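Visitor: I am new to this structure, and I would like a close look at a single part of it, with enough of the surroundings to place that part. Please take your time over it.

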Amino acid sequence: MDWIEVAVKTTTEGIEPVSGILIMNGISGYAVEDSADFEEFLRDKEVYWDYIEDSLMALKDCDTVVTFYITDDASGVEQLSLIKSELARLKNDDPDQIFGELSVTLENIAEEDWANNWKKYFKPISVGDKLLVKPTWEKIDNVGAKTVVEIDPSSSFGTGSHTTTKLCLEYIEKIDEKLSGESFEMIDVGCGSGILAIAANKLSGAHVTAIDIEENSIRVAKENFETNNIPESEYDLYLGSITDDDELFSKIAQKKYKMLAANIVADVLKAMAPYFKKLLDDNGYAVISGIISERADEVEQSFLSAGFAVIEKKDTDGWTAIFLRHA
């Protein structure tokens, strides 16, 4: 298996939140290069050094970098997209740049080149009983009775190949069955490529609202709505955070949603639980994912405390999705 080295430029203060993002996205192994550690090493009074190599001394003025590896395949593409989305969220919450620039670079390959090369890994995927997710550049002669969702994720998360996305799509199918024949509103928080909202619209004709903190994700989602021939009257797109922007939340909360989907990391889901309760209709359903299985219980407890009831939990490949209803 081939691996891609990824480096995140941050600050000493940013090491903990950046490493937390990696851990929440299934990466437990990473290396940290930090000048503050080397300064502490030099100040160690218990050790006397009469000579230090120039290569080591260079660490005294190095940038703070967190380095990790992802697989050079479809799973790695999705994993990096999700990590970049969470880094963008962290940067959005850090206007004073205490955590630094939080830029991402790939070793020995330009990111734009890799962003095109990965397309060879993205193939049509059958999800659940009703959905077929396919890249826009692939052709399929016979889709049978499947509902086709065409996606070009560009640099946004959401091709359908990541376990968390598949779990969400499977539960969206179940919610659609429960709401069969109804006209309803659906909301996708942290929409990425827009795949969950598009699937909900194409399955049920629901009017969908999609939100993300990344401007690029909103642009990509809009392109994917157009690709799937969904008219503008059937969707709304918003840039921002419902936990940080009261005006945005108030605007979105003017509607009550019978279906809510959020494929985000554990800490963000926990913070959003009370907001989701206010958005969801009394007879509404929610699916949340992006949760590493070790943290599923604490996320579940946050939603129980916020007034949700758990219908079902599913654990696959170390990731958990939780199917909930308004209690």
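Guide: Of the 327 residues of the protein, 51% count as buried, where buried means under 20% relative accessible area, exposed means over 50%, and partly exposed lies in between, with a 1.4 Å probe and protein chains only. What you see is a predicted model, in which local features need pLDDT of at least 70 and side-chain atom pairs count only at pLDDT 80 or more, while totals for chains, interfaces and linings use all residues. Residues are numbered from 1 along each chain as its sequence is written, and side-chain values use heavy atoms, with hydrogens and water left out.

The secondary structure comes to 11 helices and 14 strands, counted as DSSP runs numbered from the N terminus, with helices being H or I of at least four residues and strands E of at least two. Among contacts between residues at least 6 apart in sequence, 69% join residues at least 24 apart, a contact being heavy atoms within 4.5 Å.

The part to look at closely is helix α10, which has 14 residues, 266–279. At 1.5 Å a residue, α10 should span 20 Å, and its end C-alpha atoms are 19 Å apart, which agrees; the expected span is 1.5 Å times one less than the number of residues. Within α10 there is nevertheless a kink of about 50° at Ala-273, shortly before the proline Pro-274, the bend being the angle between axes fitted to the seven residues ending at a residue and the seven starting there. Ala-273 is also one of the buried residues of α10, and the others are Ala-266, Val-268, Leu-269, Met-272, Phe-276 and Leu-279.

The partner to compare with α10 is α11, residues 296–305. The axes of α10 and α11 come within 9 Å and cross at roughly 10°, which makes α10 roughly parallel to α11. Axes here are lines fitted to C-alpha atoms, for helices over the stretch in contact, with angles from 0 to 180 degrees between N-to-C directions; under 35 degrees counts as roughly parallel, over 145 as roughly antiparallel, 65 to 115 as roughly perpendicular, and the rest as oblique. On the α10 side of this pair, Ala-266, Leu-269, Lys-270, Ala-273 and Phe-276 meet Glu-298, Val-299, Ser-302 and Phe-303 in α11, so that the kinked residue Ala-273 takes part in the pairing.

Beyond α11 comes Gly-307, in the loop between α11 and β13 (308–316). At 18% relative accessibility Gly-307 counts as buried, and it touches Lys-277, His-326 and Ala-327, not counting residues up to four places away in sequence. Gly-307 also lies 9.9 Å from Phe-276, C-alpha to C-alpha, although the two are 31 residues apart in sequence.

Other helix pairs give a background for this one. Helices α6 (residues 163–178) and α7 (residues 195–204) pack at an angle of about 25° with their axes 10 Å apart, and are therefore roughly parallel to each other. Their crossing is right-handed, meaning that the near helix is turned clockwise from the far one by less than a right angle, whereas anticlockwise would be left-handed. Among the residues that meet across this pair are Leu-169 and Ile-172 in α6 and Leu-196 and Ala-199 in α7. In α7, 8 of the 10 residues are buried, so α7 is largely enclosed by the rest of the structure. After α7 comes Gly-205, whose phi is positive, near 80°.

Helix α1 (residues 15–24) packs against α4 at an angle of about 150°, with their axes 10 Å apart, and the two are therefore roughly antiparallel. The crossing of α1 and α4 is right-handed, and there Pro-17, Val-18, Ile-21 and Leu-22 in α1 meet Ile-83, Glu-86, Leu-87 and Leu-90 in α4. In the loop between α4 (74–92) and β4 (103–106) sits Gln-97, which has a positive phi of about 55° although it is not a glycine. Leu-102, in the loop between α4 and β4, likewise has a positive phi of about 55° without being a glycine, and at 7% relative accessibility Leu-102 counts as buried.
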